[in-house]
Amino acid sequence: MPIQSLNGALRALLLVAIFFAGVWSQSSGVIEDFLWYLPDVQYLAIQHLWLTAISGSLAILVAIPLGIVLSRPSMARWAESLMQVLNVGTTIPTLAVLALSMSFLGIGAVPAVFGLFVATLLPITRNTYAGLKGVDPALMEAAAGIGMSSTQRLMRVELPNALYVIFAGMRTALTINVGTVPLAFLIGAGGLGELIFTGIDLYDPVMMLSGAIPTALLAIVVDALIATVAFLVVPRGVNPSRA
C-alpha cells in the first residue's frame with residue numbers, strides 16, 4: 001500500500017508539472033516559436049529518415065552475411081582479427097569518419113551515407129556473429145544427427161536461434177545511426193542537424209530544440225519499431241519478450 005500510494009502521488013505530481021509547463025509554454029509564446037519551425041522540421045525530418053534508411057539498409061545487407069561468414073568454423077582463426085578491422089569504424093569519432101568520407105567522395109549525401117554505413121556496420125556484424133556462435137551445440141549435434149546439411153542447419157537451426165541477438169544489434173546500430181545523422185549536415189547532407197547546428201551558431205535555443213527534440217523522438221520511434229518487428233518475427237521459444 002505505501003508503494004502504491006507513492007506511485008499515485010508521483011503520477012499526480014507529474015501531471016501537475018506537465019500542466020504548469022504547458023501553461024508556461026503557452027503564456028511565454030514558446031509553442032508559437034516551435035510551430036514557426038514546423039515546415040522546416042517536416043522537410044528536414046524526411047532527409048533525416050532517408051539518410052538513416054539508406055545507410056542502415058546497406059549496413060544490414062552487408063553486416064548480416066558478413067557475420068554469418070565470420071561465424072563459420074573455417075573462419076575461426078581470422079574472425080576476431082577481421083572484427084577489429086570493422087571496429088575502426090566505431091573507434092574513430094563519427095565526425096572524423098564523415099570528414100574522411102568527404103575528402104574522397106566530396107560534399108553531400110554520398111559521403112554522409114558512406115560514413116554512417118561504416119559507423120553502423122560493427123554492432124550488427126558483432127551481434128550476428130555472437131548470436132550464431134551462441135547457439136546450443138546440442139541443437140547443432142541433433143540437427144547433424146538427423147542428416148541436415150550445413151546450409152539447412154544454418155537456415156533452420158542457427159539463424160532462428162540467433163535472431164533475437166541479431167535484432168538487438170540492429171536496434172542498437174540504427175538508434176545510434178538516427179542520433180548521428182545530424183552530423184551529416186556539416187558535410188552538406190541536410191537532415192535535422194541543420195536546425196541543431198544553426199541554432200547553436202545563432203544562440204537560438206528554440207531553433208536548436210526544434211531539431212534536437214524530433215531527432216530524439218525519431219530515435220525512440222525507430223527503436224520501438226524494430227522491437228515490434230523482433231517481437232513478431234523471432235520465434236517464441238527464443239524470444240524472452242514472448243516467454
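Helix axes are lines fitted to C-alpha atoms over the stretch in contact, and the angles between them run from 0 to 180 degrees between N-to-C directions. With that convention in hand, the tour may begin. The model shown is a predicted one.

**The whole chain**

Display the protein chain as a cartoon. Ten elements appear, and each is a helix: the chain has 10 helices and zero strands. Followed along the sequence, the pattern reads α-α-α-α-α-α-α-α-α-α. Switch to a surface view next. The accessible surface comes to about 13,800 Å², and 72% of this belongs to carbon and sulfur atoms. Of the 243 residues, 36% count as buried. Among contacts with a separation of 6 or more, 71% are made by residues 24 or more positions apart.

**First stop: α8 and α10**

Select residues 150-180, which form α8, together with residues 205-233, which form α10. Two packed helices are described by the angle between their axes and the distance between the axes. For α8 and α10 the angle is about 165 degrees, and the axes are 9 Å apart. An angle over 145 degrees counts as roughly antiparallel, and α8 and α10 are therefore roughly antiparallel to each other. The crossing of α8 past α10 is right-handed.

Now show side chains at this contact. On the α8 side, the residues include L163, F167, M170 and L174. On the α10 side, they include L218, V222, I226 and V233. An α-helix has 3.6 residues a turn, so residues three or four places apart point the same way.

**Second stop: α3 against α8**

Keep α8 selected and add α3, residues 38-70. These two helices pack at an angle of about 145 degrees, with axes 11 Å apart. Here, too, the crossing is right-handed, with α3 passing α8. The α3 residues in contact are H48, T52, S55, G56, I60, I64 and I68. They meet L154, L159, I166, M170, L174, N177 and V178 of α8. M170 and L174 deserve a second look, since both are also listed at the contact of α8 with α10.

**Third stop: L116**

Which residues does L116 touch, leaving aside those up to four places away in sequence? Select L116 in helix α6, residues 109-133, and the neighbours to display are L51, S55, L98, N177, T180 and V181. L116 has a relative accessible area of 1% and is buried. Measure from its C-alpha to that of G56: the two residues are 60 apart in sequence, and the distance in space is 7.8 Å.

**Fourth stop: V135**

Move along to V135, in the loop between α6 and α7 (137-145). Is V135 buried or exposed? Its relative accessible area is 9%, and V135 is buried. Beyond residues up to four places away in sequence, V135 touches M140, V157, E158 and N161. The C-alpha atoms of V135 and V157 are separated by 8.3 Å, although these residues are 22 apart along the chain.

**Fifth stop: α9 and the aromatic pair**

Select residues 193-202, which form α9. Within α9, G193, L195, I196 and G199 are buried. These buried residues pack against α3 and α10.

Next, show F185 and F197. A search of the whole structure finds one aromatic pair. The ring centres of F185 and F197 are 6.3 Å apart and the planes lie at 15 degrees, so the pair is stacked. F185 is in the loop between α8 and α9, while F197 is in α9 itself, so the pair ties together parts that are 12 residues apart in sequence. F185 is partly exposed, at 24% relative accessibility. F197 is likewise partly exposed, with a relative accessible area of 22%.

**Last stop: Y203 and V206**

Select Y203, in the loop between α9 and α10. What is unusual about its backbone? Most residues other than glycine have a negative phi. Y203 has a positive phi, near 55 degrees, and its position is just after α9. With a relative accessible area of 73%, Y203 is exposed.

Finish with V206, which is found in helix α10. V206 is buried, with a relative accessible area of 15%. Apart from residues up to four places away in sequence, V206 touches D33, F34 and Y37. V206 and I196 are 10 residues apart in sequence and 9.4 Å apart in space, C-alpha to C-alpha.

Definitions and conventions. Residues are numbered from 1 along each chain as its sequence is written. This is a predicted model: local features need pLDDT of at least 70, side-chain atom pairs count only at pLDDT 80 or more; totals for chains, interfaces and linings use all residues. Side-chain values use heavy atoms; hydrogens and water are left out. Helices (H or I, at least four residues) and strands (E, at least two) are DSSP runs, numbered from the N terminus. Buried means under 20% relative accessible area, exposed over 50%, partly exposed in between (1.4 Å probe, protein chains only). Contact means heavy atoms within 4.5 Å. Accessible areas come from the Shrake-Rupley method with a 1.4 Å probe; for residues, only the protein chains shown count as cover. Rings of Phe, Tyr and Trp (its six-membered ring) pair if their centres lie within 6.5 Å; planes under 30 degrees apart count as stacked, over 60 as edge-to-face and the rest as tilted. Angles under 35 degrees count as roughly parallel, over 145 as roughly antiparallel, 65 to 115 as roughly perpendicular and the rest as oblique. A crossing is left-handed if the near helix is turned anticlockwise from the far one by less than a right angle, and right-handed if clockwise.
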